[in-house]
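Colleague: I've just opened this one and I'd like to learn how to read it. Could you walk me through it feature by feature?

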Amino acid sequence: MVSAANRVNRLHQQPPGRPVVIDHIDGVLDATGLRLMELGLVPGATVTVTRVAPLGDPLELSVLGTRVCVRKQAASAFVVIASSASSATAVAGAAP
Amino acid sequence: MSSAPHGDRVVRRIVLIGNPNCGKTTLFNALTGLSAKTGNYPGITVEHRVGLARLAEGMSVSVIDVPGTYSLVPRSDDEAVAVRVLLGDLPGQTRPDLVVAVVDATQLERNLYLVAQLRELPLPLIVALTMTDVIASDGGACDVAALQQRLAVPVVAAPAVAGGAFALKALLAAELTTPSRRLALNVARSDVDDPVVAAEVRRATDVADTVGRAMALRAGMAPEAAAAFGQLALQRSLTATETAMPIVDDSAPGLLAAVPAPLRAEAAARAVQARQQRARSWARDIVTQASAAEPRSLAFTRRLDAVALHPVAGPLLLVAVFGVLFQALFSWATPLMDLIDGLVGTASDAARAVLPQSMPLLSSLVTDGIIAGVGNVVVFVPQIAILFLFLAVLEDTGYLARAAFLLDRIMQGVGLHGRAFVPMLSGFACAVPAILATRTIENTKDRLVTILVTPLVSCSARLPVYALMVATVFAGVDPVFGIIEPGALVMVSMYTLSMVAAVAMAAIFKRTILRSPTPPLVLELPPYRVPRALQIYKAVSARVTTFLKEAGTVILAITVVLWGLLTFPIDHDVKDARDRAIKATELQLPAGAERDAELRAIRNGAGVALVEHSLAGRLGHAMEPFIAPLGFDWKIGIGIVASFAAREVFVSTLGIVYGLGEAQDESSTSLRDAMRHDTRPDGTPLYTPLSGLSLLVFFVLAMQCMSTLAAVKRETRSWRWPLFQFGYMTALALAASLLVYQVGRLLGVQ
Ligand SMILES: Nc1nc2c(ncn2[C@@H]2O[C@H](COP(=O)(O)OP(=O)(O)OP(=O)(O)O)[C@@H](O)[C@H]2O)c(=O)[nH]1
């Protein structure tokens, strides 16, 4: 955890197409954060960034089988970990 | 819309609630057939629909369709109305007798969150599953019985196929006759291992429970509702929206605010998470797919989106789609509008022929007041119909959501709501349909900001004024840098000014009187669907009829008032002299071109004197001291007063004032010549590039359009905002013109 501060993985930094699992929500929950939780972005849920808008913002997410668009700023509150499906490659990738 | 007596019984009320796009409206239509009416609750601009459904012989119920919502903690006025209807939290409203949660079976888990929230309240509830036909046609299945058992409320499949609502009607009838036992579930709470966090959550939850008890009391609900209400209040305390929800806001206010926000956030987050877990366990294995492959229904959407949201093709398609819309508003509507103008002319001529010659005033009132007024209203119909036709198709197919995704960044950059794009674009054609199109902006304050600045966007009615001024004062000016036509430069500058003004004023309003947090973007991309003709027809005709009825009466009334200003008081000496001269000429000259020219000259000459004598003329003179520093004289003053009817009227009014008759348009050379030769008392020309520029700036910024004001009145349901808008735009226009003219003079510009 010591050197993890700058390695914290946030939803808005995820490359499109890789499923991740939400670990927790950083900071005080606001209206948008609460709405995203209501739409399924709760700790433990699997979510995939599926697309980035042509101008770099917003993001398209896939969660609970639906497609939801959010701004990067809102997505940045969600701290994620590699999903178990892709964790093997993620660990291998983090080796160096 | 309280319970209406029906026979000797009171009609019972059913409310349909569900996520956006879950098929609620389709179900509503299937239940109510053609009896649906769109209405507004007093003081709320959000529309809702009510209709009668015949469930069985002699059993009719009133069905209410409310806006779609993802949860009972509203983020927009639309969602707030849904929740307030549900809780009987509207003036004069009672709680509905039965709540139907409409659930999209293809997105079961997501949709069940709302059901989880509803299950915590002691409400009579049933669940209707839509889109089950989609699952079936993809080769899958949906276990309705298992879901019913897990939810412990009646569940029925009600797909939008022939007879799909049949089972639902039977269930509704049964539930209303002998309601099944309903127990509210405990509020979802998750186990918290960390003792510190657990204590925090408990502290926030205890306060929430206290607030919840006050709410339950207020709502007249069983005490078992307290915990669920407390959760609503707790979550609402984190959302800081502007939406009204008295049942929450007025019950024990302040209590929750005293709990530190992080504690409240923790407690709320835990409850949402626990509810999601509940939804997940309910949904598990209910819908089974035939194969692991992507269902056919989604493959089509994915392929289309590969183009529509493609980094290069997507924006190009967007430009093409809105280019067609713009083209339609700007030029395809023109033939229809010309046709309406022509019909108005024909009607006027017919009226003039029928009305007695001895009563010229009546004839003038009917033709120049009433018929012209009706024309002023109807002339907007083509553009309104075209705009809403496009919007309805784009919305119904699902493309509008894609457009919002592509455009969000830009609109955020200019500080406007993402959905303000369509109104602003339409504003280049006409502000009236544009203002009606602000409906799609859910946040009231953002909607008001858009309404307030849209008329600054340079509409097509300003073009004749621009064209006349450019041709009159800039025609002889040397090209800039030897190549750029000054006229073209002026035109481009006016359009730029209008856009800068709109964006700047939006920024000012958002930071001052209409301050609100940047609306969060949470946008769902629904699957593409074939647009439904009936749905679209209904949307377009509803917009057109409300415009005709509500804004139309105001426009008609103001047209008649303006007619009065330009007509009264009548200078009888001038009129008598004119009539004598006309008679004499008719006796002296044989019928023919020469006599017609002579008669026209007499009429036009008298017209100048009559207008000058009228209230509008006096107003023009009275305004002169105020508008002289802007470079305007009383004749322009009359033009400004008269063009309140519509900006292009400025041109024909100048025609009257210069004794050329009212049939002048911006390409008339005689009007341009008359204007060029007009001088101030000191002999200098009245229309110089500088005074022309000042006038142009005035027309870009001033609210010279009563029809827009009528539309704003219709949309904001009060005179407050249109009057404020008129005030700020006029002040802005006066200030800017003054600046242009005075600075120009200081710099020695002519
Ligand atoms: N195949 C199928 N399509 C449906 C069904 N119900 C609704 N639809 C379609 O789903 C789309 C959305 O339906 P609406 O009834 O407009 O949804 P809504 O919940 O009222 O949406 P809001 O506009 O957010 O209120 C439409 O294109 C409908 O034709 C259904 O049971 N089966």
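**Ligand, interface and backbone**

Modeller: Sure, let's begin at the ligand: one of its oxygen atoms has a backbone N or O atom of B:Met131 at 2.9 Å. Keep in mind that this is a predicted model.

Colleague: Which other backbone atoms should I look at, say at B:Asn21 and B:Lys24?

Modeller: For B:Asn21, a backbone N or O atom sits 2.9 Å from a ligand oxygen. For B:Lys24, the distance from a backbone N or O atom to an oxygen of the ligand is 3.0 Å.

Colleague: And how many residues surround the ligand?

Modeller: There are 16 around it, and the closest are B:Thr25, B:Thr26, B:Met131, B:Asp133 and B:Ala160. So you meet B:Met131 again here, in the list of closest residues as well as in the backbone distance of 2.9 Å.

Colleague: Okay, on to the two chains. How do I put a number on an interface?

Modeller: People often quote the accessible area that is lost when the parts come together. Here chain B and chain A bury about 3,300 Å² between them, with 63% of that on carbon and sulfur atoms. Counted in residues, 42 from chain B are in contact with 31 from chain A.

Colleague: How many salt bridges and polar contacts go with that?

Modeller: The rule finds three salt bridges across the interface of chain B and chain A. One to click on joins the side chains of A:Arg35 and B:Glu79, at 2.9 Å from N to O. Polar contacts link twelve residue pairs between the chains, with both residues at pLDDT 80 or more.

Colleague: Which elements of chain B give two or more residues to the side that touches chain A?

Modeller: They are α3 (108-119), α8 (226-239), α10 (261-283), α11 (296-308), α15 (399-413) and β12 (522-524). The largest share comes from α10(B), with eight residues. By class, that side of chain B has 22 nonpolar, ten polar and ten charged residues.

Colleague: There's a strand in that list. What does β12(B) pair with in chain A?

Modeller: To read a pairing, look at the bridges, the direction and who faces whom. In this case three bridges join β12(B) to strand β4 (residues 66-70) of chain A, and the two run antiparallel. For a register marker, take A:Val68, which stands opposite B:Glu524.

Colleague: Let me try that inside chain A. How many bridges join β2(A) to β3(A)?

Modeller: Five, again with antiparallel strands. The bridge partner of A:Arg51 is A:Glu60 in β3(A). β2(A) and β3(A) form a hairpin with six residues between them, and A:Gly56 in the turn has a positive phi of about 95°. β2(A) also pairs with β1 (residues 19-25) of chain A, antiparallel over three bridges. There, A:Pro19 stands opposite A:Thr48.

Colleague: Now the backbone oddities. Where should I look for cis peptide bonds?

Modeller: Check omega. A cis peptide bond joins A:Asp57 and A:Pro58, with omega about -5°, and A:Pro58 lies in the loop between β2 (46-52) and β3 (59-63) of chain A. In chain B, a cis bond joins B:Phe568 and B:Pro569, with omega about -15°. B:Pro569 lies in the loop between α21 (533-567) and α22 (572-588).

Colleague: And which phi angles deserve a second look?

Modeller: Look for positive values at residues other than glycine. B:Ala152 has a phi of about 60° and lies in the loop between α5 (144-151) and β10 (155-157) of chain B. B:Arg717 has a positive phi too, about 55°, and lies in the loop between α29 (706-716) and α30 (720-746) of chain B.

Key
Residues numbered from 1 in each chain as written. Chains lettered and ligands numbered in written order. Predicted model: local features only at pLDDT ≥ 70, side-chain atom pairs only at ≥ 80, totals over all residues. Heavy atoms only, no water. Contact = heavy atoms within 4.5 Å. Buried area = accessible area lost by both parts, 1.4 Å probe. Salt bridge = Lys/Arg side-chain N within 4 Å of Asp/Glu carboxyl O. Polar contact = N/O pair within 3.5 Å; in protein donor to acceptor, adjacent residues only side chain to side chain. Helix = DSSP H or I, 4+ residues; strand = E, 2+ residues; numbered from the N terminus. Nonpolar A, V, L, I, M, F, W, Y, C, P; charged D, E, K, R; others polar. Pairing = 2+ DSSP bridges. Near = heavy atom within 4 Å.
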